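This report describes how the interior of one protein chain is put together. The sequence and the model are shown first, and the text then works outward from a single strand.

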Amino acid sequence: MSLNKKIVSLLLVLLVIIGAGPIQQYLRDDLTLVGEFQFAEDIDHFVFYSPHQDDESIFFSQTVQAAIDKVGSDRVTVVLLSDGAASGAQELPEIAQPLDAVTSTVQQLLIQSSAAPLTQEEIADAKRLLFSKARTNEFIAALEALGVGHYELHTLPDGDLAGSIEEINSIIRGKLGTEGRVAHLTYSYYFDPHADHCATGQALQEISAEDGFGDHNTAYFMVKMEPATLANYYPQPIFYKKAHFRLLQQQTGSQQIAAAAAEYGVRCTDMDAATQQIAAALYDTMQRDGCTLLQAIETTSAVSTLRLGVGHLSVKDFFTMTDAHLTNQSLVTLIHTPF
Ligand SMILES: [Zn+2]
């Protein structure tokens, strides 16, 4: 064998040693790759706790699909915890504009009819509620696209789930299985850098430590694949980049999710006409029922036509990660068991 061939052989051996080892060896022992992860065989209902509207798509969608594949749509539930009203996304022009348009049209109608105009505070509250409702509509549309059989909506304060642990605990208690086996899934109480996500994990961790939980329930804590999280537990950055790339290539189902998302995403077309319609419907409700704008938003179905869709995080990031499916690090989840 010539020297050159020896060098090439040596390099090939090195490449195999460096490049082909299982990704698992780069992870801490307490983490399991979802690509290799098998849910316990006897699970017959899955419950996902989504702190905000968009977590169901951005971080949970792959696992939701895996759950549906395992037990069917009718045995998968996604629980929304917060009102989602604190998202900075409402400052984005494509979202701020329709919110402005709805409230200022209502204001014009009130002034034209010599009714008391809205105060600045009422306008701000109305925008938050419209934003929250629109996000919830997206959440519901995303679940329909994913084929989830059941959902539950709560309106705990976005940004302060750490102050709502007791409430989250009682929501989780309401979902505990008493026969069969229920899997409860949310973010990691240990690895997640987002305070709301971490708090949700903490609540599940607390409940899972209670006596009797394990008789019919299993808790899974999902770790987001994003550098801020991963840097904490991959031994070297190069390994997590490589692992990340490999993981994304292993994904199945993202094409179906993208197709389903496109189906609801493209419905947000004529925003101007939609906002005018919503404003008119809200004003009508205020006149007819003698209620405030906030009450009108709460009680009419008009807001269901306000699809922030293309502008909001849930769909924008969804498209980013599925269309150019190597750009979003969050598509794949890792799961760890309590420790
Ligand atoms: Zn979230």
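In this predicted model, Val 47 stands opposite Thr 77 in strand 3. The two strands concerned, strand 2 and strand 3, run parallel and are joined by 5 bridges. Strand 2 also pairs with strand 5, again in parallel, through 4 bridges. One pairing on that side is His 45 with Val 182 of strand 5.

The pairings of strand 2 are listed below.

| Partner of strand 2 | Bridges | Direction | Example pair |
|---|---|---|---|
| Strand 3 | 5 bridges | parallel | Val 47 and Thr 77 |
| Strand 5 | 4 bridges | parallel | His 45 and Val 182 |

How many residues of strand 2 are buried? The count is 6 of 6, so the strand is mostly covered. In a regular strand, side chains alternate between the two faces of the sheet. For strand 2, His 45, Val 47 and Tyr 49 lie on one side, while Phe 46, Phe 48 and Ser 50 lie on the other; each of these residues is buried, and both faces are covered.

Phe 48 also belongs to the largest nonpolar core, a set of 41 residues. Together with Val 64, Val 79 and Leu 81, Phe 48 is among the residues with the most contacts inside that core. Eight elements are named as giving at least two residues each to the core: strand 2 (45–50), helix 3, strand 3 (76–82), helix 5 (120–146), helix 6 (165–173), strand 5 (182–187), helix 7 (195–208) and strand 6 (217–224). Helix 5 provides the largest share, 6 residues. A second core, separate from this one, has 20 residues, including Ile 95, Leu 99, Phe 131 and Ala 296.

Which residues does Val 79 contact, apart from its neighbours within four places in sequence? They are Val 47, Phe 48, Tyr 49, Ser 50, Glu 152, Ile 171 and Lys 175.

Val 64, another of the core residues with the most contacts, sits in helix 3, which spans residues 61–71. Buried residues of helix 3 are Ser 61, Gln 62, Thr 63, Val 64, Gln 65 and Ala 67. After helix 3 comes Gly 72, with a positive phi near 95°.

For the chain as a whole, the secondary structure comprises 14 helices and 7 strands. Of its 339 residues, 40% count as buried. Among contacts between residues at least 6 apart in sequence, 80% join residues at least 24 apart.

Methods:
Residues numbered from 1 in each chain as written. Predicted model: local features only at pLDDT ≥ 70, side-chain atom pairs only at ≥ 80, totals over all residues. Buried ≥ 20, exposed ≤ 12 C-beta atoms within 10 Å, placed from the backbone. Contact = placed C-beta atoms within 7 Å. Core = buried A, V, L, I, M, F, W, Y, C linked by C-beta atoms within 7 Å. Pairing = 2+ DSSP bridges.
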